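User: Please pick one part of this structure and look at it closely. I am a first-year student, so explain each term when it comes up.

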Amino acid sequence: MEHSPILQAFKYVGVPVFTIASDGSVSHSNTAADSLFGYTNDSMTGQKISHLLPVESVAELHSFIHPPAIDANIRMMMAKSKDGSPLPLAVYLTSWTDEKGLQHAVIVRDISEEMKLQKVTTNELKRANTAILAAKIGVFEHFPKENRTVVSQSWRHLIGLADDDTADVQEEWRSRVHPDDLGPADKTIQVCLDGDTDIAKLEYRFRSKEDTHWFWLCAEISVSQRDEEGRITSVIGVVKDVTERRKTEDSLRLNTEYFRSAFENTSIGHAIIALDGRWLRVNNAFCELIGFPREELVKTNLRDLTHPDDLEDSCKHIALLTAGEIETYSRERRYIRANGQTLWGKLTVSLVRDENGVPDHIIVQLMDITEQRQLAQMKGEFVATISHELRTPLTDSVAQSG
């Protein structure tokens with residue numbers, strides 16, 4: 001029997017296999033088993049089971065098998081190699097009884113690499129979970145066939161549910177979504193289930209647990225699993241509180257609207273100009289002051305409209321702005337209107353920099369002071385004339401008395 005063809009074949013099977021006799025010793029082992037346990041130069045045959053596996057007796061080994069079954073799969077058993085080092089194994093155990101009593105055959109598989117990978121995966125999951133908790137991101141998975149939803153601890157915290165709260169999460173969620181947003185929220189999940197898209201996103205209003213206010217949630221949903229026939233069996237989603245971002249966006253929108261209204265609806269000319277003098281944006285008042293329609297004005301630049309006598313000073317101040325030596329300046333300047341007339345303007349110029357401090361564009365404010373300049377000139381001429389008239393008689397009188 002010891003040299004039967006079956007045992008010879010058993011010896012050279014590539015899978016580690018050994019048998020345990022009724023006295024608790026190894027009765028046969030193949031080369032693969034000897035090598036796995038570190039018996040490369042000899043055989044495990046005759047070794048006590050307690051030297052190899054974490055059991056003290058045949059009875060303890062047999063306890064893994066639950067009648068009427070005659071075999072058992074043990075997912076993980078920490079065995080020992082010849083030098084005493086731990087050896088994690090997946091074990092298939094089967095038993096039978098013959099004239100020599102209760103016998104066991106053991107087929108093992110080394111799962112060291114699987115355990116290392118599992119440890120790495122577990123650590124990665126822990127890190128991911130820590131990041132999710134820190135970022136206050138809720139995670140849920142919906143199983144449409146059972147109409148069942150499971151949620152993460154962070155999802156509960158996000159909507160104000162305690163860990164031990166037994167409320168049905170689907171009913172809780174539906175009862176607190178804003179009525180105007182519930183339809184779109186349902187549709188977002190449904191388009192994934194219908195196969196219209198694999199990823200969907202929605203922002204919706206959600207009522208606080210205390211019923212004191214509404215806040216905004218952003219949900220991103222994607223198909224997670226399909227069955228063999230391609231039917232969707234689960235979708236997974238992440239949810240984040242975006243209330244502060246929405247407030248910021250609303251505030252920015254209001255500020256933008258305020259700026260647009262203030263820019264457009266004023267009698268003062270406003271323009272935004274690139275550093276090379278191109279018009280980026282002008283309001284109606286500016287077009288009226290210069291006398292060009294908007295579509296004609298944008299074909300020019302500030303240099304084209306500046307009076308030749310003021311051009312050098314204008315270029316000097318622009319250079320000072322872009323060099324960072326000044327941030328703003330105000331001057332009286334002359335401009336050539338579309339009809340060729342000269343416009344005197346009170347010009348205020350400010351430089352705007354980008355987030356890196358690099359000059360980006362120029363904001364110009366222009367007020368028409370032509371009439372003021374004309375009145376000032378007339379006043380000056382009038383005063384000069386009166387002064388001349390007053391001085392002339394006195395001069396003639398002195399000449400005559402001489």
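Analyst: **From the whole chain to one sheet**

Start with contacts, meaning heavy atoms within 4.5 Å. Among contacts in the chain between residues at least 6 apart in sequence, 39% join residues at least 24 apart. This is a predicted model, where local features need pLDDT of at least 70 and side-chain atom pairs count only at pLDDT 80 or more, while totals for chains, interfaces and linings use all residues. Residues are numbered from 1 along each chain as its sequence is written, and side-chain values use heavy atoms, with hydrogens and water left out.

The chain has 13 helices and 15 strands. Both are DSSP runs numbered from the N terminus: helices are H or I with at least four residues, strands are E with at least two. The radius of gyration is 45 Å, well over the 21 Å that the globule rule gives for 402 residues, so the chain is more spread out than a compact globule. That radius is taken over C-alpha atoms, and the rule is 2.2 Å times the number of residues to the power 0.38. Along the principal axes, the C-alpha atoms fill a box of roughly 165 × 55 × 35 Å. Of the 402 residues, 34% are buried. Buried means under 20% relative accessible area, exposed over 50%, and partly exposed in between, using a 1.4 Å probe and protein chains only.

Now the part to study: an open sheet. Its 5 strands come in the order β7-β6-β10-β9-β8, with antiparallel pairing. The edges are β7 (148–151) and β8 (199–207), each pairing on one side only. From one strand to the next, the twist averages 25 degrees. Two strands pair if DSSP finds at least two bridges between them. Strands of a sheet pair through backbone hydrogen bonds, either parallel or antiparallel.

Walk across it from β7. Strands β6 and β7 run antiparallel, joined by 4 bridges. One of these matches is H142 with T149 in β7. Next, 6 bridges join β6 (residues 137–143) to β10 (residues 232–241), again antiparallel. Here G138 has V239 of β10 as its bridge partner. V239 also stands opposite A219. The antiparallel pairing of β9 (residues 214–226) with β10 covers 9 bridges. The β9–β10 hairpin has 5 residues between its strands, and G230 takes a positive phi near 85 degrees there.

Which helices lie across this sheet? Helix α7 (residues 179–193) lies across β8, β9 and β10, at about 155 degrees to β8. Helix α8 also lies across β8, β9 and β10, at about 120 degrees to β9. Such angles run from 0 to 180 degrees between N-to-C directions; axes are lines fitted to C-alpha atoms, for helices over the stretch in contact.

Look harder at α8 (residues 243–264). At 1.5 Å a residue, its 22 residues should span 32 Å, and its end C-alpha atoms are 31 Å apart, which agrees. The expected span is 1.5 Å times one less than the number of residues. Which residues of α8 are buried? They are T243, F263 and E264. Their cover includes two strands of the sheet, β9 and β10. It also includes β11 (269–274), β12 (279–282), α9 (284–290) and α10 (294–297).
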